[in-house]
Amino acid sequence: LMPHYFSCNLSIAAYRLGVGGNQDARSVLETEARVVCQRLASEEGIFAGTSTGINVLEAIELAKELGPTATVVTVACDSGLKYTNGVLFNGSRYNTS
């Protein structure tokens, strides 16, 4: 099976606010985004969908790249409500390896 990828466009807000940043688009494996969704729900109490998982995953990666003095902000742009009957929140864990 081919892996499913999502894309994430970083630094749009920084660009629109005129504070710099580049137009960086990245690809994210669907399974990695879903792991982040599960962690957000279990560790932070944030019930979100895969679009939010993508945003949070790439915000974490960007923060690692920019270093400890940087501030990175992202948006929880969807809820996990439409995933309640699927495998995302049924208790199974995704394997990212």
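The largest nonpolar core here has seven residues: Val28, Ala33, Val36, Leu40, Ile54, Val56 and Leu57. A nonpolar core is a set of buried Ala, Val, Leu, Ile, Met, Phe, Trp, Tyr and Cys residues joined through side-chain atoms within 4.5 Å, where buried means under 20% relative accessible area, exposed means over 50% and partly exposed is in between (1.4 Å probe, protein chains only). Helix 2 and helix 3 each chip in at least two residues of this core. This is a predicted model, with pLDDT of at least 70 needed for local features and 80 or more for side-chain atom pairs, while totals for chains, interfaces and linings use all residues. Residues are numbered from 1 along each chain as its sequence is written, and side-chain values use heavy atoms, leaving out hydrogens and water.

**Around the core**

- Take Val56 from that core: valine 56 touches Val36, Leu40 and Thr74, leaving aside residues up to four places away in sequence; contact means heavy atoms within 4.5 Å.
- As background, nonpolar side chains tend to be buried together in soluble globular proteins.

**The chain as a whole**

- The protein chain has three helices and two strands; these are DSSP runs numbered from the N terminus, with helices being H or I of at least four residues and strands being E of at least two.
- Follow the protein chain along its sequence and you get the pattern β-α-β-α-α.
- The protein chain has 97 residues, and 29% of them count as buried.
- Look at contacts in the protein chain between residues at least 6 apart in sequence: 55% of them join residues at least 24 apart.
- About 6,600 Å² of the protein chain is exposed, and carbon and sulfur atoms supply 55% of that; the areas come from the Shrake-Rupley method with a 1.4 Å probe, and for residues only the protein chains shown count as cover.

**Helix 3 up close**

- Helix 3 takes in residues 50-66, so 17 residues, and it reaches 24 Å from its first C-alpha to its last, close to the 24 Å expected at 1.5 Å a residue (the expected span is 1.5 Å times one less than the number of residues).
- The buried residues of helix 3 are Thr50, Thr52, Gly53, Ile54, Asn55, Val56, Leu57, Glu58, Ala59 and Leu62.
- Right after helix 3 comes glycine 67, with a positive phi near 95°.

**Salt bridges**

- The structure holds three salt bridges, each being a side-chain nitrogen of Lys or Arg within 4 Å of a carboxyl oxygen of Asp or Glu.
- Glutamate 30 pairs up with arginine 34, their closest N and O atoms being 2.7 Å apart. They sit four residues apart in helix 2 (residues 30-44), so about one helical turn separates them. Glutamate 30 is buried at 17% relative accessibility, and arginine 34 is buried too, at 15%.
- Glutamate 43 and arginine 39 form a salt bridge with an N to O distance of 3.0 Å. Here again, the two are four residues apart in helix 2, about one helical turn. Glutamate 43 is partly exposed at 49%, as is arginine 39 at 45%.
- In helix 3, glutamate 61 and lysine 64 lie three residues apart, about one turn, and their side chains meet in a salt bridge at 3.6 Å, N to O. Glutamate 61 is partly exposed at 30%, whereas lysine 64 counts as exposed at 59%.
- In general, an α-helix has 3.6 residues a turn, so residues three or four places apart point the same way.
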